[in-house]
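Please look at the structure shown here, with attention to how its helices pack and to the spaces enclosed within it.

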Amino acid sequence: MVVTNHPLASAAGTEMLAAGGNAIDAAIAALFTLTVVEPMMVGILGGGITHIRTTDGRHIVLDGLSAAPAAAAPDLYRPVSDQPPYSLDTVGRENAVGPKAVATPGALRGWCDALERFGTMSLSDVMEPAIRHARRGFAVTPYLAGCIEEAAADLAGDPEIARLFLPDGQARRAGTRFVMGDYAETLASIASGGPETLYSGDLGGVIDRHMSSVGGLLTLADLAAVSTIERAPVRGRYRGFDIYGPPPPSAGGVHVIQMLNILEGYDLAALGYGSIETMHLLGEALKIAFADRARSTADPAFVDVPVDRLISKRYAEACRARISMTHAAPATPASPAAESDNTTHVTVSDSFGNIVSSTQTINSLFGARFVIPGTGIIPNNNMSLFDPHPGRALSIAPGKRVTTSMAPTIVLRDGQPAFALGLPGGLRIFGCVMQALVNLIDHGMSPQEAVEAPRLWTQGGDLEVEDGYPDSTHGGLTAMGWRVLPVPHVGGGMAAIAFDGDGNHTGAACWRADGVAIGIGGGLARQGIRFWPDAPRVNEGKDD
């Protein structure tokens, strides 16, 4: 089963499975293809986290997140404010748009390391679908067209990216064919030369020279120093299910488990999905998690993150003591964290028992909103994830990895896979993962129902309530002291797989992106089976 946020990416992964590859081969093929067909979300100059469960039951988290370049300093930018919600914004948007916004990318190294360690196919084989679609072109979806229109003002400021996405000054229209010739050649060079083409070779030199010429921080030395970090997942238990997620610098795994621990003290099944009481409890759990995230979650190489305390059942009891069933806790200023919703996710399973859940990003729509000339590459703008104020948990330091809400999650029951899921959505990711697990475990939803069900979210202030909840809930929540903010969607397109224990995999994707699930059933013929031709008769050619 392959679930991604674009049909051609799901098809690319399925192609690898059909050719005899495993889930890792399929996931990496899908990710490379997404850099072509979902270029506003993901790229080889991005970063992300890949969570793998192997056939022998090991869980490995490969951290390929972006990091601050060596030239970055805590006072690199001038903040526009010391107070939320603008405390992460900087003068001239230097940390969000343009060359000074680009962090050292770990995505390509992370994908190639995953493939080399756990895959079975060559890099050139898994990259072939991506190169094919970049060379021949693909149809622009309405989703991509809308993203281009949204970012058009910034895209127009760079001739290279404008040439790609704003031909003749107009955003590419849905249904038109989009060819990415320069990027196809870039991918082909990596397919033949490997990741070192980027990290220490000719392609890296091109990037280094361009960044130097436009005042960027990223250098060839930064690229050469990139490494993937293998991390042990965090683990929790919720109503008999074992929850595995990514550890810091991701906040996702820690706070999914923390919130589930808090909610385990309430009978959510009896309260019911979409009830005012259930919505209130989800909001209070989110409020507590974000307060803790703001205080302590960051790169563990720079900040001591109290993971064991945050995911302990005892701490959850203390958190529940602060929750009233009749009144919302006082609103708090938005936590000092800002992540773009524009990311992508891939969930894959194979017949061998491998599972991959991987979340990847270039952060904002179209990253730093320029293209490295002659390469077709869109760099990330992950420097905007750091706090521009010195002396804080998320402050800038050379080599420090960004903190993220990514939550590629794998769930077991009785030691066997039950669910694998994840999604894009920035700060809303781990709250959406938590709600999907509550939907599956407490409310007994099918995978499709769980990923599509209306969601809510709060960072401590307004309670965002997605369209789809009854309007009557708004009044009840307001009466409890919530400031309800109706929104069209919370988070992005979730990609989930459920396992039934009999070898069946059920995939689900949702309407919040171009999500598509593709499964392979059946298999090769049994040993010795073939169509039997008529055997020669013993007396063939002889007289009777």
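The paragraphs below take up two helix pairs and then the cavities.

This is a predicted model, in which local features need pLDDT of at least 70 and side-chain atom pairs count only at pLDDT 80 or more, while totals for chains, interfaces and linings use all residues. Residues are numbered from 1 along each chain as its sequence is written, and side-chain values use heavy atoms, with hydrogens and water left out.

Helix α1 (residues 7-18) packs with helix α4 (residues 123-136) at an angle of about 150 degrees, their axes lying 9 Å apart. That angle makes α1 roughly antiparallel to α4 (the term covers angles over 145 degrees). The contact (heavy atoms within 4.5 Å) is made by Leu8, Ala12, Glu15 and Met16 of α1 together with Asp125, Val126, Glu128, Pro129, Arg132 and His133 of α4; these residues divide into five nonpolar, one polar and four charged.

Helix α11 (residues 252-263) and helix α16 (residues 429-441) also pack with their axes 9 Å apart, here at an angle of about 45 degrees, which makes α11 oblique to α16 (angles from 35 to 65 or from 115 to 145 degrees). Nine nonpolar, three polar and no charged residues make up the contact of α11 with α16.

Turning to enclosed space, the structure holds nine cavities of 30 Å³ or more (sets of points on a 1 Å grid where a 1.4 Å probe fits but cannot get out). The largest cavity has a volume of about 90 Å³, and its lining (residues with an atom within 4 Å of a point) comprises 16 residues, of which Glu339, Thr361, Leu385, Thr404 and Met406 lie nearest its centre.

Methods: Axes are lines fitted to C-alpha atoms, for helices over the stretch in contact, and angles run from 0 to 180 degrees between N-to-C directions. Helices (H or I, at least four residues) and strands (E, at least two) are DSSP runs, numbered from the N terminus. Ala, Val, Leu, Ile, Met, Phe, Trp, Tyr, Cys and Pro count as nonpolar, Asp, Glu, Lys and Arg as charged, and the others, Gly among them, as polar. On a 1 Å grid over the protein atoms alone, a cavity is a set of points where a 1.4 Å probe fits but cannot get out, and a pocket is an open set with protein on both sides within 12 Å along at least five of seven lines; lining residues have an atom within 4 Å of a point. Grid points are joined across faces, edges and corners, and a volume is the space filled by probe spheres set on the points.
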